[in-house]
Amino acid sequence: MKKVLALVLTLMLVLSVAAFAEKAGEGITIGVVYKQSGNAYFQAGVTGFEQAAEELGFEFMHDGPDDGSSDGQIRIIENYIAQGVDALCISANDPAALVDVCNEAREAGIKVISWDAKVDAEGRDLDVEPASAQVIGVTQLDSIVNSIGGEGQIAIVSAMATAPNQNLWISFIEEALNSGDEKYANIEYVGTVYGDDEYTKSFNETQALLEKYPDLKGIIVPTTVGGPAVCKCIQDAGRDVKVTGLTLASDMKEFIDAGIADETFLWNPIELGYASSYAAVALVKGDFTGAVGEKIECGELGELEVTESDDGGSILFLNKLNSFTKDTVDAWVDIL
Amino acid sequence: MQKVKSFLKSWEFFLIILLAVMCLVFKITDASRIAAGVQKKPIFYFANVLKSMRPYFLYSFMTLGMMLILAMGDIDISVGAIGTLSVVTLGVTYNRVANGAENGSPAALIIALLACLLVGSLCGALNGFLVTRFKELFPMIITLATQLFFRGFSYLLIGGETLTFKDPTFKSLSNLNQLLKIGGLQVPISIPIYLVLAVFFYFWLHRTGNGRKIFAIGTNAAATYYSGVRVDRIKFWCFVIAGFMSAVTGIFFVGNSSSSVKADIMDGYHMYAIAAAVLGGFSTDGGKGSVIGATISLVIFGVVKFGLGTLFGFPDSAVNLSVGVILILSVLVPNLVEDIQNHRKVARRRAETAKLNAAAGSAR
Amino acid sequence: MQNKERKPIYSILIEHREIPLLAVLALLLVAVSIRVPGYLGKSWLNVLKNGSINMVMCCGMLCVLLIGSIDISITAILAFAGAVAGKLMGTGAIQSTVLMFVLGIAIGAAVGAINGVLMSYGRVISLIVTLSTSYIVRALIPMEWLLGMNKINPTQLTQGFKDSLINHSFLGLPFLVWLAVLVVVITGVFLKYTRTGRNLYAVGSNAEAAQMRGVPINRIRVLAHTICGATAGLAGIMWLAFYAAIEKGSALGDEMFTIAACVLGGVAVTGGYGKIGGVVIGALMIAFIDSAIPQMGIGNSMITEFIKGILLLIAILLNVVLQRVAEKQDLARRNI
């Protein structure tokens, strides 16, 4: 509850300051594109854009394809180009597929920012990400290792087999397991299955996992859709398997309270949207170019520095990962 | 005079009216939004709309293939999956043949494109073979199974990764996504190519005996068979052509998605193709429809999706809703009109007979 | 006539199209059991549980297929009915479990009736009608007044509702499975022993002849679609109770497997032929494939679809081939 209060207070503070100053984003229109419509995670992201819009005075539109496909996103981006937006903030379903259409937008003078899931370096001006992939991957691994007491079999239930974010995180998890670290010596990693970000598919795959590995101790679910499905399956089966992963608090409250998950994680998508809109406005105004080493003032989030990402482009890390436990989950239920 | 009259009664004319009305509505909305200050510059004008038709003409080639299938009274829901498999073949073959050459190799691209088209045709051939040999089964069921098969096979080939190509040769496929400059207008390259193909299909389907046989099969397959037409053979080749067209769509799709290849693309494209063909006058019962109608309906869907998305701020999911409504109405309205006409005819005849009877009665 | 007491095997095959399917099912079971020892012992309950939702929809689909129509909007109805009911329970408008089921069935029946009216009185081909209604109904779910960007999650449902189908059992089977059994029995009795049920067959095999005999064909068609919609609505509530969650994309594309189950069970898509027994076996087979493939450990779930496609194709074709052989034998016998 404290966190919410703090958030509200800072917000009011910023708002009151902003009320006197001339708003920086007046007259700017931003097109926000997310991965898929009807996804609560992106609803939270849009809330971040709304907050920033109140502070900066810009206007924004948001949309995501019905089926979570890249060509659907291309369609939406082209519509935004036709409408003449000033900046695009895109959470890409595929980093490579959107490059051409993004470059077309940039030729038309539109600034392109990717948030949450990147567009490849040659197609964007800036990428805004919650934390580096390594941090995200290893945090989840450490959490599950703690939950199961340092030994036993673990598995991963991922999203689509083609999901770039998830695959990157999993590769870092596997790397950590193979690094020969003492912590992971008694952990046996049995493999990854893919739930396709579909509830039933995740459910069935988990069922098969549980039957195939009677000694399974822990499951990592690095996707918000899979989390509740995996937990529900374990609950129905009555097995003592611990879960961790990236999940929404509202989805997981039931299962965290039931003790199936000790701790799950998620960055705050509201902050992600918030930071993206600050970066977008600054880029459009021209007082910020998104070059590596530059710093940008992101309202209540303070000053953030642009670093070089592993694909050679520039990237902005928030480096904040919230954890939901029995004690903290209630405070987050209404937000995420 | 007779010709003009029959044109005015035709489905194509109705589609043109529909398109015109829609354009008018969008144009007025555009102007009023500018007047109200909601939007800074006009969105809905010819050049802008034409430019924005690009994503909606991607599946136009698939629609041409689907037309053939629907005209025969069959249906093929595996076309999207065929496109995926052919595109994946394109990527994999290119990687193998070019062997990582620095600037890529044009020969490899040609071989890969041929392989892509070949695989598309072969997939179509498999469908055609099964449909003609197992007549007890509805084509929908067969193509449902082959769809899963093709899609799964694509996954087997490249798994979950995205194949990206950085070399300029393969990148040249992106040219398929470019805008041609014709007389100050920016025209998506797929439109002229589609028009050429559509003209070819028009003459084939509506002007040659061979093409008319396809419609004859749809009207009454048994009668057509007994009049000496080799029904199975024509069916088989139509499925092959549909597969080929899916592969063509796939190549354009690669151009559209920045020359990258993935195993989960073009899911649901069969529905777009079916929707466009049905609005164009084709029916799953077979035997009717025209290339011109299908072409106009492609434009209609493009304009509706563009207009609702940009001017009315409809989210992507609600745009599908409008597709659903248009589809139902496009079949329901003509049926109702026909019903009313029949009713009137019956009523008139009844009135006439009643009058005659009355006259006869009074004469007696 | 001396053969009367012993029917030759091929004539049994002709009368009971589901028998070859039973053979395929047994064959598959043996194959899986060799690969995964003790598979059936530990998984039979899961197969039944996961298959029961599809089984309920199959009963409705059977009615529609019998009249020579088809309904591909069932999974959209499922998601819609589940979303509306879940939303009402979430806001506290409904607390009673029974009322939830009634509401779900009512919503489903209403949409089904619309399908039926458009299909019969409007003379629109059922594929087009139901394709359109599935577009429309699914697009309603992410509207602001329904789910918006959110989904129904477990905390919004009452404990009694969540327990209703899974945690209560009778004779070792959870209520979920009994509900499916109940629907199957009702449909079976309806089709076999009531005049209206027999009329479904009549309309499907020859509509004109049926009309001549005084069967109100349009009313029968609307009825069939209404039944199908009602089962889909019921399936939506079952889904909600089983998985304790529903969202816009729930069960997207699964209608194909409902149709496939019916076709596997020997139902003629052209109408007029189909038995409830065959449909049950078909639905079991689909559920079985879903459950068995992840456990076989053949690669990962990416190729599940591939195997599913091949198995489906083989099963369907084998069914046809066996049928043909049987018919040929029968003809040969008669000629002699």
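Trainee: Which residue of β12(A) does A:Ile296 stand opposite?

Mentor: In this predicted model, A:Ile296 stands opposite A:Leu304, which belongs to β12(A).

Trainee: How do you know that β11(A) and β12(A) are paired?

Mentor: Two strands count as a pair if at least two bridges are found between them, and three bridges join β11(A) to β12 (residues 303-308) of chain A; the two strands are therefore paired by that rule, and they run antiparallel.

Trainee: Where do these strands sit in the sheet, and what is its strand order?

Mentor: The sheet is open, has eight strands and mixed pairing, and follows the order β2-β1-β3-β4-β5-β13-β12-β11 in chain A.

Trainee: What makes β2 and β11 of chain A the edge strands?

Mentor: Each of them, β2 (59-63) and β11 (295-297), pairs on one side only. Across this sheet, neighbouring strands are turned by 25° against each other on average, with direction ignored.

Trainee: Which helix packs on the sheet and touches β1 and β2 of chain A?

Mentor: That is α2 (residues 40-56) of chain A, which touches β1 (29-33) as well as β2 of chain A. Angles between N-to-C directions run from 0 to 180 degrees, so the value of about 170° between α2 and β2(A) describes directions that are nearly opposite. Helix α3 (residues 70-83) of chain A lies across β1, β2 and β3 (87-90) of chain A, and runs at about 175° to β1(A).

Trainee: How many residues of chain B are in contact with chain A?

Mentor: Contact requires C-beta atoms, placed from the backbone, to lie within 7 Å, and 32 residues of chain B are in contact with 30 residues of chain A. On the side of chain B that touches chain A, the elements giving two or more residues are α12 (231-256), α14 (291-310) and α15 (316-363) of chain B. The residues of that side divide into seven nonpolar, 18 polar and seven charged.

Trainee: Into which domains is chain B divided, and how far apart do their C-alpha centres lie?

Mentor: Chain B is divided into domain 1 (2-314) and domain 2 (323-364), and the C-alpha centres of these domains lie 39 Å apart. Their contact takes five residues from domain 1 of chain B and four residues from domain 2 of chain B.

Trainee: What kinds of residue make up the side of domain 1 of chain B that touches domain 2 of chain B?

Mentor: That side divides into five nonpolar, no polar and no charged residues. The element that gives the most to it is α13(B), with three residues.

Notes: Residues numbered from 1 in each chain as written. Chains lettered and ligands numbered in written order. Predicted model: local features only at pLDDT ≥ 70, side-chain atom pairs only at ≥ 80, totals over all residues. Helix = DSSP H or I, 4+ residues; strand = E, 2+ residues; numbered from the N terminus. Contact = placed C-beta atoms within 7 Å. Nonpolar A, V, L, I, M, F, W, Y, C, P; charged D, E, K, R; others polar. Domains from an automatic or database assignment.
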